[in-house]
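Here is a quick briefing to keep beside you while you turn the model around. Have a look at the fold and the charged side chains, then read on.

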Amino acid sequence: MRQAVEKVGNADILINIISRRLRQLTAGGGGLGRPLIADAEGLRPEEIAIREVLEDKITWEANTEADDEDLNADSL
């Protein structure tokens, strides 16, 4: 888990990434519900999601627009 936090750079962001991926993995229906790692047999969904982050199988980007809007609102 420590490696995943270091890779993402922020524990809160990692929690959001893992939460979204868990919803996809547990919803089923194929497509996004399939593990992106080859050796996922016997792993729990949360373990799969963390390994996907560590192995660069999923990506993310920060939404800086929302941050900019909050900053502008605070400075008024």
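A salt bridge here is a side-chain nitrogen of Lys or Arg within 4 Å of a carboxyl oxygen of Asp or Glu. E46 and R44 fit that rule, with their closest N and O atoms 2.9 Å apart. Bear in mind that this is a predicted model, and that the protein chain averages a pLDDT of 84.

**Overall layout**

- The protein chain has four helices and zero strands, so if you walk from the N terminus you read α-α-α-α.
- Of the 76 residues in the protein chain, 21% count as buried.
- Contacts between residues 24 or more positions apart make up 38% of those with a separation of 6 or more.
- The accessible surface of the protein chain is about 5900 Å², and carbon and sulfur atoms account for 47% of that.

**How far to trust it**

- A pLDDT of at least 70 is reached by 83% of the residues.
- Which helix has the highest confidence, and which the lowest? Helix α3 (residues 45-54) is highest, at a mean of 95, while helix α4 (residues 64-74) is lowest, at 53.
- Over residues 71-76 the pLDDT stays under 50, and the model shows zero contacts beyond four places in sequence for that stretch.
- Where pLDDT is low, the predicted coordinates should not be read in detail.

**Salt bridges**

- How many salt bridges does the rule give? The count comes to six.
- R51 pairs with D39, and their closest N and O atoms are 2.7 Å apart. R51 sits in helix α3 and D39 in the loop between α2 (11-27) and α3, so this pair ties together parts that are 12 residues apart in sequence.
- R51 is partly exposed at a relative accessible area of 24%, and D39 is partly exposed too, at 48%.
- R44 also forms a salt bridge with E47, where the closest N and O atoms are 3.9 Å apart.
- Salt bridges that share partners join D39, R51 and E55 into one network.
- Around R44, the relative accessible areas are 49% for R44 itself, 30% for E46 and 30% for E47. R44 counts as partly exposed, as do E46 and E47.
- As a rule, side chains of opposite charge can pair when their charged atoms come close.

**The nonpolar core**

- The largest nonpolar core has 13 residues, and the members touching the most others are V8, L14, I17, I18, I48 and V53.
- Helices α1 (2-8), α2 and α3 each supply at least two residues of this core.
- Leaving aside neighbours within four places in sequence, V8 is in contact with I13, L14, I17, V53 and W60.
- In soluble globular proteins, nonpolar side chains tend to be buried together.

**Helix α3 and its cover**

- Which residues of α3 are buried? They are I48, A49, I50, E52 and V53.
- The cover over those buried residues includes α1 and α2.
- After α3 comes D56, which has a positive phi, near 55°.

**Two buried charged residues: R21 and E52**

- Is R21 buried or exposed? R21, which belongs to helix α2, has a relative accessibility of 4% and counts as buried, because the cut-off for that label is under 20%.
- The side chains of R21 and Q24 are joined by a polar contact of 3.0 Å.
- Not counting residues up to four places away in sequence, R21 touches L32, R34, P35, L36, A49, E52 and I58.
- E52 is in helix α3 and is buried, with a relative accessible area of 0%.
- What does the side chain of E52 reach at 2.7 Å? The partner is the backbone nitrogen of L36.
- Beyond four places in sequence, E52 is in contact with R21, R34, P35, L36, I37, K57 and I58.
- So when you zoom in on this pair, look for R21 and E52 in contact with each other, with L36 among the residues that R21 touches and also among the contacts of E52.

Methods: Residues are numbered from 1 along each chain as its sequence is written. This is a predicted model: local features need pLDDT of at least 70, side-chain atom pairs count only at pLDDT 80 or more; totals for chains, interfaces and linings use all residues. Side-chain values use heavy atoms; hydrogens and water are left out. pLDDT is the predictor's confidence in each residue, from 0 to 100. Contact means heavy atoms within 4.5 Å. Buried means under 20% relative accessible area, exposed over 50%, partly exposed in between (1.4 Å probe, protein chains only). A polar contact is a pair of N or O atoms within 3.5 Å; within protein, one must be able to donate a hydrogen and the other to accept it, and residues adjacent in sequence count only if both atoms are side-chain atoms. A nonpolar core is a set of buried Ala, Val, Leu, Ile, Met, Phe, Trp, Tyr and Cys residues joined through side-chain atoms within 4.5 Å. Accessible areas come from the Shrake-Rupley method with a 1.4 Å probe; for residues, only the protein chains shown count as cover.
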